[in-house]
Amino acid sequence: MTATTSPSAAPDTPAPLADVTRDDASLRRFLHGLPGVDQVGVEQRAAGLGTRSIKKEAKRWAIDTAISMVDLTTLEGADTRGKVRALAAKALRPDPERQDCPRVAALCVYPDLVQTAVEALAGSAVHVASVATGFPSGRTSREVKLADTRLAVEAGAHEVDMVIDRGAFLEGRYMDVFEEIRAVKAACGETHLKVILETGELATYDNVRRASWLALLAGGDFIKTSTGKVSPAATLPVTHVMLQAVHDWFTRTGELRGVKPAGGIRTTKDAIKYLVAVHEVAGEQWLTPELFRFGASSLLNDLLLQRRTQVDGHYSGPDYVTVD
Amino acid sequence: MGIFEYAPAPESRAIANLKDHYKPFVDGEFVDGSGEPLKTLNPATEEILAEVGTASASDVDTAVKAARRAYTDVWSKMPGVERAKYLFRIARLIQERSRELAVLETLDNGKPIKESRDSDVPTAAAHFFYHAGWADKLGYAGYGPDPKPLGVAGQVIPWNFPLLMLAWKIAPALATGNTVVLKPAETTPLTALVFGEICQQAELPAGVVNILPGAGDIGASIVEHEDVDKIAFTGSTEVGKLIQRTVAGTRKKLTLELGGKAANVVFDDAPLDQAVEGIVNGIFFNQGHVCCAGSRLLVQESIAEEVLEKLRYRVSTLRLGDPLDKNTDIGAINSAEQLAKIRGLVESGDAEGAQRWTSPCPVPDRGFFFAPTVFSDVHQSMRIAREEIFGPVLSVLTFRTPEEAITKANNTPYGLSAGIWTEKGSRILWMANQLRAGVVWANTFNRFDPAAPFGGYQESGFGREGGRTGLEAYLSV
């Protein structure tokens, strides 16, 4: 059995926080000692920031930035190599008639389609992201999760999107969740790790904050809201809480970690609200695909339509952008 | 320059339908006042917006007589269910003309359009809707089976929420069957005069509402007029005391809503990020021109540094500038006079040894602006901890125990509002029972609802506005 769960293979927790992951009790004390999140307050703040009016050059910049942050995603049972190749072509040239249109950040697929995606995107800067660890439920053994991760990495994925064990988290077995993330991180090696919290199943903002810190402590490069298979998926207030977490993490450790809302973001208007939140909650330095992504599929086409509207000065129809 | 600079997103000032000249509204008509006309400024640009005719003492008399006639002949006899129809109509007209009112309010007052649009105007409409509902149910309000109105109400309102304060005053007065002579503030008369148009549109009987722009002397004439039965005043404690002296020994019923120096108390188990939001909302909402502003932050010593760090970061993201821009968080100070007062108190803070931090936000060259400022190391003995600044200036004090927090929070001659931030429910209830403040917010701040009574203790005044309790001020009980 090659699957080891030795956390030592993963990078160490930064010095200022090294003590908190020493044992189960310390970790628990730390997570429960985080300030609570007031539901009414965070929702009010998210709604307030949502009223920002982004126009003209700012809107054009926001649309291009959002396109460059999209993890173009297909995670269906019906996915085929053909579908993945089609999406890869779209990822490279989202708007084929407009050469100045930025490409997306990554193509996100199931592990068995990583190889197809890697071949289709070879030589480009578009990354291949693979979900892993028994996505979306994560209800399988650690051996399978780690094997899933290794297969994705070996097939050439640049990024792995893992799911946390929500059952363990809700049972309060934080150390189990922590060690599993560490083990997956170790299996990833140099590959970028995004940790999906599945906030729709964690239910409370307090839990979202705790899970965010847990994933950051365990070495996740990104924290991601959702699989897209559970409703609600990404919401603005949940993303606020996570942006606050990476901001606070930076303040405490000096390390920059990313955030990826996924699922349910379909319109340019929504995407701009998220960028405003990134700007004003986390900070300007998070406004890069290195540190912020959108997990989405239909969002891209709305961004492209709005981009054309901005450039051409009039609306065009859905038939002017490609279906995939 | 940052990488994500929001392009200017100004609301069109044409929406305000600004006119060159406005006139007092008396007995259902706009009339030439015999006072000296005043010029009202846009505090964000210092340009003159319009000339406004003002009332003289004789106009006050005319208006009071009109109000008395309307009271005796029409309004006091009208069944509540009929009065309600007018109030509903006014509420709907405020909604229909909400954009116009919001832009006009922002031009005249300097507050950001997002606040006039999302807070002032909708809440003003809500006050009329709410009180319309009471008009035919006064017998069930707990003041006897058939409570009677008082007569003519003289009302004097401040410049910080011109239309909203008008709604707080006029809606309950009309719902209970009184008629009104109202004086808007000298620097912000415009939305009140547009409200006069709304009264015409609603076909409100002539004389039920009279609006007299003017300076303090016109307010004094209204207060002194012997045919006024009730005085309602919102404004400074200084003027409130003068009014109380004037009406002492008369039959006039009085409510006063005056200044404040509210404590916003943050415990170490608070939801810190939302507490920071609440602190910001508490003191920087409406440039701090809020009588119930959370101008004293009392933070538990063990988390003071962390809270200050988060607070400074958050305050530095506030956008100060053109009030008509939809992305502006902090607009203009209402007048040069108020700006000078804020500056004077801030200088006293420096002189008395408090640590001043000011947001690095750019400040426009023209107009009356003051960058958000946070004083730390503030002690109870300093002027900035005791006097109402009425501007975007926060004084941060610390405490060690809940008892100390109560003692410090109550150690003020004012008592209008207070805030408590803790996730411990029992402590919220314990604190709320001991805080001498008319309104106590828990894990939020500056939330207003027509159904919630509002008012103060001690030098913050007396009487309540809003809710069932607020009806009492306009009923003979």
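Reader: Over how many bridges do S4(B) and strand S5 of chain B pair?
Author: This is a predicted model: local features need a pLDDT (the predictor's confidence in each residue, from 0 to 100) of at least 70, side-chain atom pairs count only at pLDDT 80 or more, and totals for chains, interfaces and linings use all residues. Residues are numbered from 1 along each chain as its sequence is written, while chains are lettered from A and ligands numbered from 1 in the order in which they are written. Helices (H or I, at least four residues) and strands (E, at least two) are DSSP runs, numbered from the N terminus, and two strands pair if DSSP finds at least two bridges between them. S4(B) and S5(B) (residues 47–52) pair in the antiparallel sense, and the number of bridges is 5.

Reader: Which residue stands opposite B:Lys39?
Author: Look across to S5(B). The residue facing B:Lys39 there is B:Glu51.

Reader: Which strands stand at the edges of the open sheet S1-S5-S4 of chain B?
Author: This open sheet has 3 strands, and its pairing is mixed. An edge strand has a single partner strand, so one side of it is left without a neighbour in the sheet. The strands at the edges are S1 (21–22) and S4 (38–42).

Reader: How many of the residues of strand S16 of chain B are buried?
Author: A residue is buried if 20 or more other C-beta atoms lie within 10 Å of its own, exposed if 12 or fewer, and partly exposed in between; C-beta atoms are placed from the backbone. In a regular strand the side chains alternate between the two faces of the sheet. Here both faces are covered: B:Val393, B:Ser395, B:Leu397 and B:Phe399 are on one side, and B:Leu394, B:Val396 and B:Thr398 are on the other. The count of buried residues is 7 of 7.

Reader: Is strand S15 of chain B parallel or antiparallel to S16(B)?
Author: Strand S15 (residues 373–376) is joined to S16(B) by 3 bridges. B:Phe375 stands opposite B:Ser395. S15 and S16(B) run parallel.

Reader: Which residue of S16(B) does B:Leu297 stand opposite?
Author: Strand S13 (residues 296–300) of chain B joins S16(B) through 5 bridges, in parallel. B:Leu297 faces B:Val396.

Reader: Which residue does the UniProt annotation "active site" cover?
Author: The annotation comes from an unreviewed entry. UniProt positions follow the numbering used here, feature names are shortened, and annotations may be inferred rather than shown by experiment. The residue covered is B:Glu257.

Reader: Why does B:Glu257 count as buried?
Author: Place it first: B:Glu257 is in strand S11 (residues 253–257) of chain B. Two residues are in contact if their C-beta atoms, placed from the backbone, lie within 7 Å. Beyond four places in sequence, the contacts of B:Glu257 include B:Thr234, B:Cys291 and B:Glu465. B:Glu257 is buried because the number of other C-beta atoms within 10 Å is 28.

Reader: How far apart in space are B:Leu416 and B:Leu258?
Author: B:Leu416 is in the loop between helix H13 (402–410) and strand S17 (417–421) of chain B. B:Leu416 is buried, with 28 other C-beta atoms within 10 Å. In sequence, B:Leu416 and B:Leu258 are 158 residues apart. In space, C-alpha to C-alpha, the distance is 8.1 Å.

Reader: In which helix does B:Ile243 lie?
Author: B:Ile243 counts as buried, with 24 C-beta neighbours inside 10 Å. Leaving aside neighbours within four places in sequence, B:Ile243 is in contact with B:Val223, B:Ile231, B:Phe233 and B:Leu256. The helix (residues 237–247) is H8 of chain B.

Reader: Which residues touch the most other members of the largest nonpolar core?
Author: A nonpolar core is a set of buried Ala, Val, Leu, Ile, Met, Phe, Trp, Tyr and Cys residues joined through C-beta atoms within 7 Å. The largest core has 104 residues. A second, separate core of 91 residues includes B:Trp75 and B:Leu254. In the largest core, the two residues asked for are A:Val70 and A:Leu107.

Reader: How many residues does chain A bring to the contact with chain B?
Author: Helices H2 (39–49), H3 (56–68) and H12 (268–282) of chain A each supply at least two residues of this side. Chain B brings 21 residues. From chain A the number is 23.

Reader: What is the average pLDDT of chain A?
Author: Over residues 1–9 of chain A, pLDDT stays under 50. Yet 97% of the residues of chain A score at least 70. The average is 95.
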